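Me: I have a model open and would like to talk through how it is put together. Could you take my questions one at a time?

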Amino acid sequence: MNLLRDNDLIFGRLLKIEEPHLIARYNKALEAFGVRQTELKSFEIDRTGFSPEIAKELKDDQYLDPNGVNRRFIILTPAQIELPVVHTAFSNTSQLVYEFMTANARAINAITIKDVVYGEIEEQVNQVRDIEDLLSIVQVEFKVLSAEDLLGKAAELGRLADRVKHEPDAWRDDTLLQRMVALSKETGDIRENSLVPEQVVFRHDAYWTSHFGGVYIFADRDTTTVIADPATPGFRRSRPWQVSYLAKDDPAHIFRFLAETGRIQLPRASWMETSGYLAHRGEMVLLDLVRKASPDQDFSRIDPVWLQTWTHRHADMVAREGSVPFLNAAVREISQFGQLKIEEIPAPQRFLVTRANPEHPDAWLTNRLVSDLVPSDFIARYIFNKQGFYEDYENYSESWREYVVARLKTTYLRDKAALRRRLFGLD
């Protein structure tokens, strides 16, 4: 993973923490969680406060996520809202923390001037043992604390202020007034600087979770759809009247579900010709064939001419695998008729010529699912499914790793927004 780290492809864009007072606050949060304090003088954190360096020091990647549920968070600065989330069991953790920090920006800004905000994203279950436990998570609540109890003191000050307003003789109570003065010295004027988060409950709708080898849950108005390994505990048994179950190795039924719910765009010239999507997919498939045939060759030599020559020399292999001829035919058909007859395409190949509907709220999650079904596209895997990409990377040869890293740097890191917009229609 060192090559990925050196090129900002793993643990990239994290926030460096080296100021002694911030490290001290972080340690207070760790102590409150019952976790051994760090002895590091410098470390990096993501949006949730997770630090790869501290995880390595503790020999525990789960120190903020001990059971894969009720994720802990540590907020040292409002700047964390701009960071990625690099370690989580649920794909929507990043979005939930973003929504929490956005909704409570004033309180977080005020508290982190003097204190650290920490707590748990409470998910109504303490352990995930089967599908039913996942289905039970319909919303999450942020349980928020602060090391110096500024939250508690602000709440107390608010209650005392209400007494002064509403109890006729409260202003004569010297003890009450002195307590208010003492509290205000620590909290400031809570009328101007709110110290209590106002919104702490958020919906937990569509998501992927790492439990049971990977489970997708999509929520629609009348039904919930679970896509998982049929061996997952509770599969097809938990709430069968309410939940539709799809095996993750059943591309035909998965495609039908995504199409019927409007989560994917079918192959049409309207978006394909401007995006270059088919050419991109074709190149990814061809590169994957080259990798599998010669994993240790020098991939730095690869260019369009080299690929064309390789294709001619290995025509039988390319024809036998089938994806490249299919995509070439798809380009011609799109150019001539403006669309593909999806019902005539074998189910596994349908995902080569579709993408998530950019207008659907589940677009990112859908693209993640599509990337699971088209693992040859390492660029899509990296964008939407980093856990899957890192697992793939572990099995790459050294020469292929170098090529993949170089390609991601030149095609994605150079202008992420432009590539996401062109290939996937996403802003």
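Reply: What follows goes from the whole chain to its strands and then to its internal space, and please keep in mind that this is a predicted model.

Me: Fine, so how many helices and strands does the protein chain have?

Reply: The protein chain has 20 helices and 12 strands, and its C-alpha trace spans about 95 × 50 × 40 Å along the principal axes.

Me: And what percentage of the residues is buried?

Reply: Of the 427 residues in the protein chain, 51% are buried. As for the contacts with a separation of 6 or more, 66% of them are between residues 24 or more positions apart.

Me: Switching to sheets, in what order do the strands of the four-stranded open sheet come?

Reply: The order is β3-β4-β5-β6, with antiparallel pairing. Because β3 (72-75) and β6 (201-203) are at the edges and have a single partner strand each, one side of each is left without a neighbour in the sheet. On average, and ignoring direction, neighbouring strands of this sheet are turned by 25° against each other.

Me: How many bridges hold β3 to β4, and which residue does F73 face there?

Reply: Four bridges pair β3 with β4 (residues 117-122) in the antiparallel sense, and F73 is opposite G119 in β4.

Me: Moving along the chain, is β8 largely enclosed or open?

Reply: Strand β8 (residues 215-219) is largely enclosed by the rest of the structure, because four of its five residues are buried.

Me: Which strands does β8 pair with?

Reply: Strand β8 pairs antiparallel with β7 (residues 207-209) over three bridges, and four bridges join β8 to β9 (residues 224-228), also in an antiparallel arrangement. Residue Y216 of β8 takes part on both sides, being the bridge partner of W208 and standing opposite I227 in β9.

Me: What about the connections between those strands?

Reply: The hairpin of β7 and β8 has five residues between the strands, and F212 in that hairpin takes a positive phi near 60°. The hairpin formed by β8 and β9 has four residues between its strands.

Me: Last topic, what is the volume of the largest cavity, and which residues line it?

Reply: The largest cavity has a volume of about 30 Å³, and the structure holds one cavity of 30 Å³ or more. Its lining consists of Y277, R281, N367, V370, S371, A380, F384 and F424.

Me: Which element gives the largest share of that lining, and what is its chemical make-up?

Reply: Helix α16 gives the largest share, three residues, and the lining divides into five nonpolar residues, two polar and one charged.

Note on methods: Residues numbered from 1 in each chain as written. Predicted model: local features only at pLDDT ≥ 70, side-chain atom pairs only at ≥ 80, totals over all residues. Heavy atoms only, no water. Pairing = 2+ DSSP bridges. Helix = DSSP H or I, 4+ residues; strand = E, 2+ residues; numbered from the N terminus. Axes fitted to C-alpha atoms, helices over the stretch in contact; angles between N-to-C directions. 1 Å grid on protein atoms, 1.4 Å probe; cavity = no way out; pocket = protein on both sides within 12 Å on 5 of 7 lines; lining within 4 Å. Points joined across faces, edges and corners; volume = space filled by probe spheres on them. Nonpolar A, V, L, I, M, F, W, Y, C, P; charged D, E, K, R; others polar. Buried < 20%, exposed > 50% of the residue type's maximum accessible area, 1.4 Å probe, protein only. Contact = heavy atoms within 4.5 Å.
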